[in-house]
Amino acid sequence: MLNKVSRLLFSLPFIILGAMHFLNGPNMVGLVPSYVPGAIFWVYFVGACLVAAGVSVNIGKKDGLAMRLLAILLVIFALTIFLPMVLGGNQMAMSSLLKDLGLAGAALFFSENAIDKS
């Protein structure tokens, strides 16, 4: 029972955030680093990745792989979006940097305890 609750609590925010990428895509383009071409594509692509990871961990199919890929995505966010913001003097971005690193660690933990260790 606790395993199912933890999977839901961990994955639901990613599913909702992924859906928000589709609903608010144009408003999220500013988070994509300026040196990355095709910003709106990446917003939608990341939204699809977040939804897929959340669904995967809930249904237990390819959840080990999904959690490893999610961890990589979160570390990329931390290093390319939030770390430069922190280094640029935006101390408010520190919470997002630490949150993404913590969630990446949790995703790796989930990947080791996956139902489908793909």
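**Exercise 1. Determine which helices each supply at least two residues of the nonpolar patch, and which helix gives the most.**

Solution.
- Step 1. In this predicted model, at least two residues of the nonpolar patch come from helix 4 (63-87), and at least two from helix 5 (93-112).
- Step 2. List the members: the patch on the surface is formed by V75, L79, L83, L87, L98 and L101.
- Step 3. Place one of them on its element: L98 belongs to helix 5.
- Step 4. Find the main contributor: with four residues, helix 4 gives the most to the patch.
- Step 5. Add the area: together the six named residues have about 530 Å² of accessible area.

**Exercise 2. Describe the fold of the chain and decide how its radius of gyration compares with the globule rule.**

Solution.
- Step 1. Count the elements: there are five helices and zero strands.
- Step 2. Write their order from the N terminus: α-α-α-α-α.
- Step 3. Compare the radius of gyration, 15 Å, with the 13 Å that the globule rule gives for 118 residues; the two are close, so the chain is as compact as a globular protein of that length.
- Step 4. Give the extent: along the principal axes, the C-alpha atoms fill a box of roughly 45 × 25 × 20 Å.

**Exercise 3. State what share of the residues is buried and what share of the accessible surface belongs to carbon and sulfur atoms.**

Solution.
- Step 1. Taking buried as under 20% relative accessible area, 36% of the 118 residues qualify.
- Step 2. The accessible surface of the chain is about 7,000 Å², and carbon and sulfur atoms hold 76% of that.
- Step 3. For contacts with a separation of 6 or more, 64% join residues 24 or more positions apart.

Conventions: Residues numbered from 1 in each chain as written. Predicted model: local features only at pLDDT ≥ 70, side-chain atom pairs only at ≥ 80, totals over all residues. Heavy atoms only, no water. Patch = residues over 30% accessible without salt bridge, like charges linked within 9 Å, V, L, I, M, F, W, Y side chains within 5 Å. Areas by Shrake-Rupley, 256 points an atom, 1.4 Å probe, with all protein chains shown as cover. Salt bridge = Lys/Arg side-chain N within 4 Å of Asp/Glu carboxyl O. Rg over C-alpha atoms; globule rule 2.2 N^0.38 Å. Buried < 20%, exposed > 50% of the residue type's maximum accessible area, 1.4 Å probe, protein only. Contact = heavy atoms within 4.5 Å.
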